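Colleague: Can you walk me through this model? I'm new to this, so keep it simple.
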Amino acid sequence: MERAAFEHALAALGLDQTTARALMLLPLVQVAWADGGVQHAERTLITDLARTGLGLDAGALSVVEGWLRVRPPDEVVRRGRDLLVSLALRPGGGLVELPPDALTALPVLCARVAEAAGGFFGLAWAVDPREEQVLRELSAAVARGRARLEWLLPLPAGG
């Protein structure tokens, strides 16, 4: 993705180069909102991850906190997820620095968010079916992104 297209895609999501790393938490925010509202445990997990796990700066953290206060529109979530997948599958492009395991860690982190607010007095947890649907959508988006990338990559010599 060229820089101008990247910056345009970010701007359409209300982000810029300095807040782009917030995209890593957008799928987690989507899971938190899946049952209609963000629970305290979900909010705490996501903001703690933003601060300590990902070391987001104040601007990116502010974006994430905004998503936790007001549900991002479905189109923002879809476009953000697709942009995140594209960036993670094309490392080294210099557009935004993502951890090498950005995509492989996402399903685990999303599941932790889904489990955070479940349960009955801490004795058992249950993942809401709407949260499960979000997890399936995330997995499908990653698979589509990988398939697109494989299609674009040249075949090895002789293959």
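Modeller: Here is a short tour of the core, two helices, a pocket and a loop residue.

Modeller: This is a predicted model, where local features need pLDDT of at least 70, side-chain atom pairs count only at pLDDT 80 or more, and totals for chains, interfaces and linings use all residues. Residues are numbered from 1 along each chain as its sequence is written, and side-chain values use heavy atoms, with hydrogens and water left out.

Colleague: Which residues touch the most other members of the largest nonpolar core?

Modeller: L23, L25, L28, I46 and V64 do, in a core of 49 residues. A nonpolar core is a set of buried Ala, Val, Leu, Ile, Met, Phe, Trp, Tyr and Cys residues joined through side-chain atoms within 4.5 Å. Buried means under 20% relative accessible area, using a 1.4 Å probe and protein chains only.

Colleague: Which helices each supply at least two residues of this core?

Modeller: Helix 1 (3-12), helix 2 (26-33), helix 3 (40-53), helix 4 (58-69), helix 5 (74-89), helix 6 (102-116) and helix 7 (129-152). Helices are DSSP runs (H or I, at least four residues), numbered from the N terminus.

Colleague: What does L23 touch?

Modeller: Its contacts (heavy atoms within 4.5 Å) include L10, W67 and L83, not counting residues up to four places away in sequence.

Colleague: Switching to helix 2. How many of its residues are buried?

Modeller: Eight of the eight, so helix 2 is largely enclosed by the rest of the structure. Among them are P27, Q30 and W33.

Colleague: And which residues are buried in helix 3?

Modeller: E42, L45, I46, T47, L49 and A50 are. After helix 3 comes G55, with a positive phi near 60 degrees.

Colleague: What about V96, buried or exposed?

Modeller: V96 counts as buried because its relative accessibility is 18%. V96 sits in the loop between helix 5 and helix 6.

Colleague: How many residues apart along the chain are V96 and R21?

Modeller: They are 75 residues apart, yet their C-alpha atoms are separated by 7.1 Å. Leaving aside neighbours within four places in sequence, V96 is in contact with F6, Q17, A20, R21 and L87.

Colleague: Last one. How is the lining of the second largest pocket divided?

Modeller: Six nonpolar residues, two polar and six charged. Here Ala, Val, Leu, Ile, Met, Phe, Trp, Tyr, Cys and Pro count as nonpolar, Asp, Glu, Lys and Arg as charged, and the others, Gly among them, as polar. A pocket is an open set of points on a 1 Å grid over the protein atoms alone, where a 1.4 Å probe fits, with protein on both sides within 12 Å along at least five of seven lines; lining residues have an atom within 4 Å of a point.

Methods:
Buried < 20%, exposed > 50% of the residue type's maximum accessible area, 1.4 Å probe, protein only.
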